[in-house]
Amino acid sequence: MIIQTGQRTDIPAFYAEWFANRLKEGFVCVRNPYDPSAVSRYRLDPSVVDVIGFCTKNPAPMFPYMELLKDYGQFWFVTVTPYGRDIEPNVPDKHRLLSDVRRLSDAVGVNAVSWRYDPIFLSERYTAAYHLRAFNEIASALEGSTKTVVISFIDLYPKVRRNFPEAREVTAEEQIALGKEMIRIASSHGMTVKPCAEGDALAAYGADCGGCTRISDYENAIGKRLNAPKRKGARAQCACYLSCDVGAYNTCKHLCRYCYANAEPNAVLSNARQHDPRSPFLIGNYRPGDRIHDVEQRSWIDPQASLL
């Protein structure tokens with residue numbers, strides 16, 4: 001099976017010690033965000049967990065714990081954007097981040113790392129020309145460290161509108177113009193562009209519009225075939241294979257203004273004060289009335305097939 005860590009928060013950046021403790025103890029507890037008394041308990045054991053998926057803006061805090069991950073398959077998304085602290089107040093220096101992505105790729109393999117350049121929005125400061133210049137610089141720095149780059153354009157969810165009221169949608173014409181150039185630039189650096197939940201408008205220009213986190217991506221990362229059960233994507237437009245996330249909403253301390261997973265900064269800071277790196281839960285601990293469900297888990301690896 002596949003365990004996800006990054007749909008709700010950035011565990012490597014802020015909760016690496018906690019996740020390392022979960023790996024050592026061999027299980028993790030996750031509250032249902034819509035029914036907090038419903039708790040799913042997952043075993044963290046490479047005999048049943050084939051791949052752990054990470055999505056982060058800062059992989060470096062996990063580096064001291066990589067030995068704990070060596071028996072697991074891994075697939076890492078690392079987001080590197082061109083925004084300053086006016087938009088991403090707590091994201092590390094981008095030059096250091098690029099170096100960390102290269103180090104990560106050396107450790108886990110080029111097929112196990114994908115660069116995310118998203119969300120893309122346009123403003124007086126962050127113009128189309130600015131994006132294309134920055135995209136080329138980042139792609140050049142990451143050449144040979146990844147084969148894919150995921151792009152998406154900003155979605156104005158209610159949380160985003162509240163925390164980033166001046167943001168505007170990128171028009172279809174602007175998306176095509178930017179996307180075409182990004183596909184050209186990425187190709188020149190040995191990368192394929194994968195639009196995230198953006199339809200197939202960019203397919204005609206060379207983008208892979210089949211989903212940014214497919215079973216085939218996990219298979220390429222670990223070099224093995226997976227007999228995975230069918231699942232739907234997180235959204236109607238999403239073709240990705242996402243499930244079993246161990247994070248929690250309103251806990252990412254990057255506090256990016258475009259974030260869809262945080263309601264408001266005060267909620268994040270309040271939750272962060274309840275974090276205990278020794279707890280089975282990312283936030284808080286067991287509560288009276290908890291209904292613990294031990295999730296049925298099994299390996300999906302096909303022993304008869306290999307991609308190596």
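## Salt bridges

The structure holds 18 salt bridges. The model is a predicted one. Side chains of opposite charge can pair when their charged atoms come close.

Asp35 and Arg291 make one such pair, with their closest N and O atoms 2.7 Å apart. Asp35 sits in strand β3 (residues 35-43) and Arg291 in strand β10 (residues 291-294), so this bridge ties together parts that are 256 residues apart in sequence. Asp35 is partly exposed, at 30% relative accessibility. Arg291 is also partly exposed, with a relative accessible area of 45%.

## A buried acid and a network

Glu88 forms a salt bridge with Lys94, at 2.9 Å from N to O. Glu88 is buried: its relative accessible area is 2%, and the cut-off for buried is under 20%.

Asp208 and Arg214 form another salt bridge, where the closest N and O atoms are 2.8 Å apart. Asp208 has 22% relative accessibility and therefore counts as partly exposed. The pair belongs to a network of salt bridges that links Lys194, Asp208, Arg214 and Asp217.

## The three-stranded sheet

Strands of a sheet pair through backbone hydrogen bonds, either parallel or antiparallel. Here 3 strands make an open sheet. Their order is β2-β3-β10, and the pairing is mixed. β2 (27-32) and β10 are the edge strands, each pairing on one side only. From one strand to the next, the twist averages 25 degrees.

β3 pairs with β10 in the parallel sense, over 4 bridges. Arg41 stands opposite Asp294 in β10. The salt bridge between Asp35 and Arg291 also joins β3 and β10.

## Helix α2 and its cover

Helix α2 spans residues 16-25 and is mostly covered. Of its 10 residues, 7 are buried. They are Ala16, Trp18, Phe19, Ala20, Asn21, Arg22 and Leu23. An α-helix has 3.6 residues a turn, so residues three or four places apart point the same way.

Several elements cover the buried residues of α2, including α1 (11-14) and α3 (66-69). Strands β2 and β4 (51-56) are also among them. β2 thus has two roles in this account: an edge strand of the sheet and part of the cover over α2. Just after α2 comes Gly26, which takes a positive phi of about 85 degrees.

Key: Residues numbered from 1 in each chain as written. Predicted model: local features only at pLDDT ≥ 70, side-chain atom pairs only at ≥ 80, totals over all residues. Heavy atoms only, no water. Salt bridge = Lys/Arg side-chain N within 4 Å of Asp/Glu carboxyl O. Buried < 20%, exposed > 50% of the residue type's maximum accessible area, 1.4 Å probe, protein only. Pairing = 2+ DSSP bridges. Axes fitted to C-alpha atoms, helices over the stretch in contact; angles between N-to-C directions. Contact = heavy atoms within 4.5 Å.
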